[in-house]
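This report is written for a reader meeting the structure for the first time. Please look over the sequence and the model before reading on.

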Amino acid sequence: MDEHDDLSVPPPAGPPPLLSDEQLVSLARQGWLCVDLPEALSRTLKVLFNDSGKFLKLTSQVKTRLYPKKLGTEFGYYPVENEKEYVTFRCHVHGGPKEVLGIDPLTAASTGAPAGAQLENNVAWAWREAAQYLFRILCDISRASDLDFSVWDNILDGTLTMPGGEEEMTHTLMRLFRYFPSTGFAGQHSDLGLLTLCVASGQGLQALDRVGSTRDTPAWVDAPVGPDKAMVLIGETLRALSSNTVNTGVHRVVGNPEGRNSIVFALRHSNRHDIDFGLFGGEGVMTAQELWKSVQVGKININSVKELRDKQRAKYDAERSKGQVSDTIINGQR
C-alpha cells in the first residue's frame with residue numbers, strides 16, 4: 001500500500017492552513033491583510049457585484065420598499081446624502097433559504113425567483129463562502145495560538161450561513177455599498193466584529209500602516225481592487241478575545257472621482273451563547289450582549305447620516321473629557 005493511502009493516519013484537525021506564518025504575523029501586527037481570494041469565492045463575488053450594481057441603480061422608493069430600514073443602520077437600505085448608499089443583509093427577507101440558497105449564482109437569473117430573491121440568493125451564496133474563508137483564518141489564528149478549533153463553535157453558531165428570518169439573526173451581516181464619485185467617503189475607524197472581508201470595484205479603501213506611521217504622520221496603504229482580491233480586517237471583538245494581543249485594522253475610505261462599489265462581509269460573534277474568555281487564555285465569562293455592548297463603547301457609526309454622527313461625536317467628546325471613555329477609534333464598515 002502506498003504510504004499516502006495509509007488509513008491509520010488521522011486526518012488533520014480542522015481546515016487546512018490558509019495563511020502563511022508571515023501573513024499571520026502581519027495580520028496580527030497591522031490588523032489587516034491584503035489577500036488573493038479563492039476562485040470560487042471570486043466568481044461568486046463577481047456575480048454579486050453585477051446584481052448589487054443593478055439594485056443600487058433602482059429608485060430610492062423601490063430600494064426602500066424591498067429592504068426597509070430597521071435597527072438604525074443595521075438592516076435594510078440606508079442612504080447617506082452626498083456620500084454613499086448601502087443595503088445591509090442580516091437574514092433573508094424575500095423567498096428564504098429553502099427556495100434560493102442552493103441555487104448557483106451563475107444560473108439564478110433563469111429561476112424565475114420573486115423580486116429580491118435572486119439578489120438574496122447571491123448574497124447568501126457569497127455569505128456562506130466568505131464565512132468559510134474567514135473561518136479558516138480564525139482557525140489559523142487559533143492554530144498559531146495553540147488553541148483548539150472548538151473555541152469557535154459557540155461563537156460562530158448561526159453565523160456561517162445567512163439566517164432564514166429575523167428570529168434567527170445574529171450580529172453577522174453583509175453590506176453592499178455604493179460610494180458617490182468624489183464625495184463618497186468614510187472616516188477613520190475600526191470594525192466591531194471578529195473579521196471583516198472587504199472587496200471593492202474601485203480605489204478608495206485605505207488601511208493604516210502601523211509600522212510605517214509616526215505619531216504625527218499616519219501612513220495609509222491602498223486596498224486591492226477587483227473581485228479576486230480583498231482586504232481582511234481584524235475587529236474589536238477579536239482583539240478583546242485575544243486580550244489585546246492582536247491589533248484592530250484601522251481604515252478609512254477617501255473620495256474617488258469614479259466612485260466605487262464594495263461588498264463587505266462582517267463576521268461577528270453569535271448572540272446565542274455566553275462568551276468564555278478562559279477558552280482563549282483570559283478570564284471571566286460575558287453574555288453575548290455584554291460583549292457586544294463593550295466593544296461599542298466610545299464608538300461613532302460612520303455609516304449613519306451626518307447629523308447623527310455629529311451627535312454621537314459630541315457625546316463621545318464630552319464623555320472623553322470626563323474620563324468616562326478612552327481615546328478609541330471610530331467604528332463602522334466600509
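Is Y67 buried or exposed? In this predicted model, Y67 has a relative accessibility of 1%, so Y67 counts as buried. Y67 also takes part in two ring pairs, which are taken up below after an overview of the chain.

**Overview**

The protein contains eight helices and 14 strands. It has 334 residues, of which 50% are buried. Among contacts with a separation of 6 or more, 76% join residues that are 24 or more positions apart.

**Aromatic pairs**

Seven aromatic pairs are present in the structure. In one of them, the ring centres of F55 and Y67 lie 5.7 Å apart with the planes at 70°, so this pair is edge-to-face. F55 belongs to helix α2 (residues 39-56), while Y67 sits in the loop between α3 (60-66) and β2 (76-80), twelve residues away, so to speak of the pair is to speak of a link between distant parts of the chain. F55 is buried, with a relative accessible area of 5%.

Y67 also pairs with F89, again edge-to-face, at 5.1 Å centre to centre and 70° between the planes. Here the loop between α3 and β2, which holds Y67, is linked to strand β3, which holds F89, across 22 residues of sequence. Both Y67 and F89 are buried. Elsewhere, ring pairs join Y78, Y86, F177 and Y179 into a cluster.

**Strands β3, β4 and β11**

Strand β4 covers residues 173-179; six of these seven residues are buried, so β4 is largely enclosed by the rest of the structure. Strand β3 (residues 84-89) pairs with β4 in the antiparallel sense over six bridges, and in this pairing E85 is opposite R178 of β4. β4 also pairs with strand β11 (residues 260-267), antiparallel as well, over seven bridges. There L173 faces A266 of β11.

**Strand β5**

H189 is a residue of strand β5 (residues 186-190). Its relative accessibility is 0%, so H189 counts as buried. The H189 side chain comes to 2.5 Å from the backbone oxygen of G187.

**Helix α5 and the nonpolar cores**

Helix α5 runs over residues 117-144, which makes 28 residues. From first C-alpha to last it reaches 40 Å, close to the 40 Å expected at 1.5 Å a residue. Of its 28 residues, 21 are buried, so α5 is largely enclosed by the rest of the structure.

In soluble globular proteins, nonpolar side chains tend to be buried together. The largest nonpolar core here has 58 residues, and W152 and L197 touch the most other members. α5 supplies the largest share of this core, with 14 residues. Which residues does L197 touch, leaving aside those up to four places away in sequence? They are L37, L41, A130, Y133, L134, A230, M231, V232, I263, V264 and F265. A second core, separate from this one, has 15 residues, including Y78, V80, A207 and V264.

**Loop residues with positive phi**

Three residues with a positive phi are set out below. N82 and N244 are each described as having this value without being a glycine, and D146 is the residue that follows α5.

| Residue | Phi | Location | Relative accessibility |
|---|---|---|---|
| N82 | near 65° | loop between β2 and β3 | 53%, exposed |
| D146 | near 60° | loop between α5 and β4 | 74%, exposed |
| N244 | about 65° | loop between α6 (236-241) and β10 (251-253) | 51%, exposed |

Why does N244 count as exposed? Exposed means over 50% relative accessible area, and N244 has 51%, so N244 falls in that class. N82, at 53%, is therefore exposed too.

How far apart are D146 and F280 in sequence and in space? They are separated by 134 residues along the sequence and by 9.6 Å in space, C-alpha to C-alpha.

Conventions:
Residues numbered from 1 in each chain as written. Predicted model: local features only at pLDDT ≥ 70, side-chain atom pairs only at ≥ 80, totals over all residues. Heavy atoms only, no water. Buried < 20%, exposed > 50% of the residue type's maximum accessible area, 1.4 Å probe, protein only. Helix = DSSP H or I, 4+ residues; strand = E, 2+ residues; numbered from the N terminus. Pairing = 2+ DSSP bridges. Expected span 1.5 Å × (residues − 1). Polar contact = N/O pair within 3.5 Å; in protein donor to acceptor, adjacent residues only side chain to side chain. Core = buried A, V, L, I, M, F, W, Y, C linked by side-chain atoms within 4.5 Å. Contact = heavy atoms within 4.5 Å. Phe/Tyr/Trp six-rings, centres within 6.5 Å; stacked < 30°, edge-to-face > 60°.
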